Amino acid sequence: MKSVTEILEQLKAIAENPRAQKDALIASGKKVVLTAPVYTPEELVHSLGMVPMGAWGGDIELMEAKRYFPAFICSIVQSLVELGIKGVYDGVSAVIIPSLCDSLKVVGENWKYAVPNIPFLPMTYPQNRKPEYGKEFTKKGYEKLIEELEKISGETFEDGKLAQSIRIYNEHNALMRELSEVLADHPEVTAAQRSVVFKSAFFMLKEEHSKVIRELLEALKEQKPGEAKIKIMTTGILADSPSLLNIIDSNGLQIVADDVAAESRQYRTDALEDTTALDSLSGKFCAMDHCSVLYDVEKKRIDLIVETAKNHGARGVLMVLTKFCDPEEFDYPLIKKACDAAGLPIILIEVDRQMENYEQAGTMIETFKDMLGKNS
Ligand code: SF4
């Protein structure tokens, strides 16, 4: 049996080099379709025999993308286009970009001109997803996407194959939820290591990632938990910056739970039995909640953050705010108010994908740690 460290190293190698993973898949004869964040229906791509690969941009200096966007648009979107222009995604068969925030809504038209060699497939989601018409709208959007994916794959869509893909994705969701809970009891697994577990999932077939996660769960059962650290919870869209994770680790903090879109948020909702597999997948999107990009007048996400932090014994909340991310900026004052009312210290660290200097973030996290230490 492999050790926890060996498995984490294996996942790190994949998380750090998605390009190699993409090139190897294409060389093996697979078609790869990029799935931009968030809630892109990967199961459709998977059911047509292709490999969905998460595309959340990368830490890169923005040069070419600046010709297509104003400066005040989030760096995930800009770096996605920058990587496309630079040829990093060459060889993939298409990119699917959903329409869930204002930044994502404008990427597609720019992508067509900036990266003409990779077809852009839009996925338009309804704002009101709870009423029956919201589900119908979602289903129609998926049907349109299927038509395009059929042309690219050369395969014909089959509902039975989608049902198989949904099973694989539901199983992966459950494993990721279980792993997040198990990791909360293993402070020796660093924030940087925890991050590669989530990140690697974007670049592997889910059935293969599930296999590795099962091995990791087994290996963790055999490993004695390390010395306790100060427990925190993270929230935000993306929190994978190596510099930020190193600061968290060097301050002796442990992430015991997260509400990060690129981490646990995407694994909360399964597709449930329905008339057809396509209905089931449409229902999955409509059942989703607790997210800044999903319309919710009650803002149930706020209470969930407080509840999750308390249930996991987190002493504070770290909000990692992607610069110029409107949906998260709107939620922050409400999150802060709820955390304050619950006696849960919270700090906000603003990041973007071009950030090199983390000195200010380091000072803020050090002060935060001292404050949490005193509260213990
Ligand atoms: S980080 Fe925010 S603004 Fe950027 S794509 Fe995600 S939700 Fe939209």
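**Exercise 1.** Work out how helices H1 and H9 are oriented to each other in this predicted model.

*Solution.* The short version: H1 and H9 are roughly antiparallel to each other. To see where that comes from, start with the angle: the axes of H1 (residues 4–16) and H9 (residues 206–222) cross at roughly 155°. Next, check the cut-off: angles over 145 degrees count as roughly antiparallel. Those two axes also come within 9 Å. As for handedness, H1 goes past H9 in a left-handed crossing.

**Exercise 2.** Find out which residues of H1 and H9 meet, and what kinds they are.

*Solution.* On the H1 side, pick out Val4, Ile7, Gln10 and Leu11. Their counterparts in H9 are Val212, Glu215, Leu216, Ala219 and Leu220. Now sort the residues of this contact: seven are nonpolar, one is polar and one is charged.

**Exercise 3.** Sketch the open sheet of four strands and decide which strands stand at its edges.

*Solution.* First, write down the order, E6-E5-E7-E8, with parallel pairing. Then look at the ends: E6 (253–260) and E8 (346–351) each have a single partner strand, so one side of each lacks a neighbour in the sheet. Add the twist: on average, neighbouring strands are turned by 25° against each other, direction ignored. Finally, lay helix H12 (residues 300–311) on the sheet, where H12 touches E5 (230–236), E6 and E7. The direction of H12 makes about 150° with that of E6.

**Exercise 4.** Zoom in on how E7 is joined to E8.

*Solution.* Count the bridges between E7 (residues 316–322) and E8: there are six, and the two strands run parallel. For one spot to look at, take Thr322, which sits opposite Val351 in E8.

Conventions:
Residues are numbered from 1 along each chain as its sequence is written. This is a predicted model: local features need pLDDT of at least 70, side-chain atom pairs count only at pLDDT 80 or more; totals for chains, interfaces and linings use all residues. Axes are lines fitted to C-alpha atoms, for helices over the stretch in contact, and angles run from 0 to 180 degrees between N-to-C directions. Angles under 35 degrees count as roughly parallel, over 145 as roughly antiparallel, 65 to 115 as roughly perpendicular and the rest as oblique. A crossing is left-handed if the near helix is turned anticlockwise from the far one by less than a right angle, and right-handed if clockwise. Two residues are in contact if their C-beta atoms, placed from the backbone, lie within 7 Å. Ala, Val, Leu, Ile, Met, Phe, Trp, Tyr, Cys and Pro count as nonpolar, Asp, Glu, Lys and Arg as charged, and the others, Gly among them, as polar. Two strands pair if DSSP finds at least two bridges between them.
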